Number of protein chains: 2
Amino acid sequence: MSDHPAPPTLDDVARAAGVSTATVSRCLNDPKMVSAPTRERVDSAIKTLGYTPNFAARFMAVQRTFTVGAIIPTMENAIFARGLQAFQEELHHHGYTLLVSSSAYQAEAEEEQVRALVARGADGLLLIGYDRDQALYDYLQRQRVPVLAAWSFDPDAAIPSIGFDNRSAMRALTTQVLGMGHTRVAMISAHSAENDRARMRIEGARIAMEQNGLSADDLYVVEVSYDINEGAEAFKTLMTGPNRPSLVLCGNDVLAVGAMRGAAELGLSVPDDVSITGFDDIELAQVVTPALTTVHVPHRQMGRLAAQQLVDMIENKTDGAGKELESHVVMRGSVAEPRS
Amino acid sequence: MSDHPAPPTLDDVARAAGVSTATVSRCLNDPKMVSAPTRERVDSAIKTLGYTPNFAARFMAVQRTFTVGAIIPTMENAIFARGLQAFQEELHHHGYTLLVSSSAYQAEAEEEQVRALVARGADGLLLIGYDRDQALYDYLQRQRVPVLAAWSFDPDAAIPSIGFDNRSAMRALTTQVLGMGHTRVAMISAHSAENDRARMRIEGARIAMEQNGLSADDLYVVEVSYDINEGAEAFKTLMTGPNRPSLVLCGNDVLAVGAMRGAAELGLSVPDDVSITGFDDIELAQVVTPALTTVHVPHRQMGRLAAQQLVDMIENKTDGAGKELESHVVMRGSVAEPRS
DNA sequence: CGGCAGTATGTAAGCGCTTGCATTTTCAAT
DNA sequence: ATTGAAAATGCAAGCGCTTACATACTGCCG
């Protein structure tokens, strides 16, 4: 009815301004190539027509999208939020746009998302951790898409990574808490099968056990999904079963907060009846009562560096060296000496 | 060095399989049009080449992406997470992919994202609330992109919306808590200027004040950003100022949790010294101690319905009627009668 | 005043895919 | 065998943009 039957194209703008499409294109991408008067005519045509360049068409023409994709395991909690935020801010500085999707901690879903992002022309990809099928790495390599892993660091992995040493971080935390005298300890972890971070954290806890005169086998580990409710349930099972622990290490803050809720539901006091620790130091950790003893991870720094590194990989075709960041233990109210 | 210098294209596959590109394309999009033997040859060529169709090229050819975009104010907390999750699950059922981006509660950022999503060929858009520049709506209309608003419901808005009545929800909550006898009440709200949800919640609280024999002007409102720390600071200012309230209504759960942290920092007990309420009923609300009295919002239902509606708008070019959902007050430990 | 930079603009060839239409193949019925 | 309808495949245009190259204008120098 009204104006145009379809959204305006470069061609429409060109016609309206009485110039060629090339001129309009230049106006958009490199204005100084165009004389002032024509530029004005073109600009006003663009404005009155409400023209937005078609991204796909531009992509086809230049084979670059200035877009990077990130696939995170979940958006449901804040674990990746802060880091991702910093990642995207830094990308923005470099003129890139971020596309995010989540895999729900499932390998096939992740693979699907990777393909979707590649098909959409992502210039580079950020993945979490490095545990995944070799075939996926092969695919990515064939597609010439640079990939960077974050939230984990492993100099020997197939792809460069920016992150911290989950194993030694968990070891440090465990050692410190064991120092208070705990001997009956359990751990609530995420499923470790395809999750290097979960696996490393368990290992770290085990190592700490041994270094503190306990047996690694005495660490009873139960694996659940990263979810507050599952954390609460697992905790309750743990505490109502035989050989009740005095210390429950949790794979991350979300599980730990779940455990704390579980404790409340059982009428147990934290830390008097049982000590609980988390991992990540997300906002949640400081909001619960008592506040959570956890491992503080440099989320923002990690996101920022990841963006820098990835952009570098994209633009200079370098392979990127990866970088290990420091994490540190934060002692708060959720741990205490065990009851005698 | 290795295989191909560049990622394989349809053409490469066609050549490898000894057929035309048309056949390969049909193999991908409508396999039953192709005879079994050729299909096998094509499929194996695709596999050995590691071919992924180029999304942009397909988009150009068919002018449809089966992608919808959603722009939410923030990913930093869980406010939109659950609803968005349901939204994307439902979209998936209908064969659509979701692209998410966040505006950081800033109008220009949102506009930028809208354009980016449109440029990327989103078939439809989900926005939060309906408060935005008319020019943006005009633009969207010219681009022929269906838009749906969520988290708010207003039958008279420029675009169809799926959500609840923020005003009456807040009125119900406030009325219920005022019934306990509070007379000195304050509210910590998000900035209401370009946020209809915040504005309606304030209005709802005011209406409840009047209906309960208080003056709407007596509701002291302080506006901050949706952020735990800001909530804590605002709360502390409120409580250390003159005319200290016995009830602090918060615009959402995040602010309320911030307020609770503020109370802890001041050494005030909730709800004995002061009652606090939230809005949204995100996970956080049940994790803090005491648990938060708040308004429960049907996040998942809203997300699901929004997806259905939007798909319908896209596929049938209907205008969509919108739908109002019910919310309800959840009384928990964070409120009590005021001290006498 | 011819000619030559230099600047501004236009022309047209793709980028990788889909799809209407034309062409070839297949195969059952004569 | 012959034929024709149906099934399978190929051809080629075109989706909206960029960009190398060609062309058309400026002045300005000799």
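These legends go with close-up views of a predicted model that holds protein chains and DNA strands.

**View 1. DNA strand D and the residues around it.**
Look around DNA strand D and you'll find 25 surrounding residues, with A:Leu10, A:Ser25, A:Tyr51, B:Thr23 and B:Thr38 the closest. By type, the residues of this surface split into 13 nonpolar, 9 polar and 3 charged. Four helices each put in at least two residues: α2 (21-29) and α4 (55-62) of chain A, and α2 (21-29) and α4 (55-62) of chain B. The top contributor is α4(A), with 5 residues.

**View 2. Zooming in on polar pairs at DNA strand D.**
Sugar or phosphate accounts for 69% of the atoms of DNA strand D that come within 4 Å of the protein, and bases make up the rest. On the phosphate side, a polar side-chain atom of A:Arg58 sits 3.0 Å from a phosphate oxygen of the strand. For the bases, check the protein backbone: a polar backbone atom of A:Ala57 is 3.2 Å from a base nitrogen of DNA strand D, and one of B:Ala61 is 3.3 Å from a base oxygen of that strand.

**View 3. DNA strand C and its surroundings.**
Here 26 residues surround DNA strand C, and the closest are A:Ser20, A:Thr23, B:Leu10, B:Ser25 and B:Tyr51. A phosphate oxygen of this strand lies 3.0 Å from a polar backbone atom of A:Ser35. Two alanines have backbone atoms paired with bases: a backbone N or O atom of A:Ala61 is 3.4 Å from a base oxygen of DNA strand C, while a polar backbone atom of B:Ala57 is 3.2 Å from a base nitrogen. The elements giving two or more residues to this surface are α2 and α4 of chain A plus α2 and α4 of chain B. The largest share, 5 residues, is from α4(B). Sorted by type, the surface near DNA strand C has 13 nonpolar, 10 polar and 3 charged residues. Of the strand's atoms within 4 Å of the protein, 67% are sugar or phosphate, and the rest belong to bases.

**View 4. Where chain A meets chain B.**
The contact draws on 44 residues from chain A and 45 residues from chain B. About 4,000 Å² is buried between the two chains, with carbon and sulfur atoms giving 53% of that area. Three residues to pick out are B:Glu76, B:Arg120 and B:Arg142: they supply 16% of the area chain B buries against chain A, more than any other three residues.

**View 5. Inside the nonpolar cores.**
The largest nonpolar core has 154 residues, and those with the most contacts inside it are A:Phe87, A:Ile188, A:Phe235, B:Phe87, B:Ile188 and B:Phe235. Another core, of 36 residues, lies apart from it and includes A:Val114, A:Val145, B:Ala122 and B:Ala157. Back in the largest core, center on B:Phe235: leaving aside neighbours within four places in sequence, B:Phe235 is in contact with residues including B:Ile188, B:Val248, B:Leu266 and B:Ile276.

**View 6. A close look at A:Asp123.**
You'll find A:Asp123 in the loop between α6 (107-119) and β3 (124-128) of chain A. Its relative accessibility is 10%, so A:Asp123 counts as buried, the cut-off being under 20%. The side chain of A:Asp123 makes a polar contact with the side chain of A:Arg64 at 2.4 Å, and a polar atom of the A:Asp123 side chain is 2.6 Å from the backbone nitrogen of A:Phe66. Not counting residues up to four places away in sequence, A:Asp123 also touches others, among them A:Tyr96, A:Val145, A:Pro146 and A:Ile314.

Key
Residues numbered from 1 in each chain as written. Chains lettered and ligands numbered in written order. Predicted model: local features only at pLDDT ≥ 70, side-chain atom pairs only at ≥ 80, totals over all residues. Heavy atoms only, no water. Near = heavy atom within 4 Å. Polar contact = N/O pair within 3.5 Å; in protein donor to acceptor, adjacent residues only side chain to side chain. Nonpolar A, V, L, I, M, F, W, Y, C, P; charged D, E, K, R; others polar. Core = buried A, V, L, I, M, F, W, Y, C linked by side-chain atoms within 4.5 Å. Buried < 20%, exposed > 50% of the residue type's maximum accessible area, 1.4 Å probe, protein only. Contact = heavy atoms within 4.5 Å. Buried area = accessible area lost by both parts, 1.4 Å probe.
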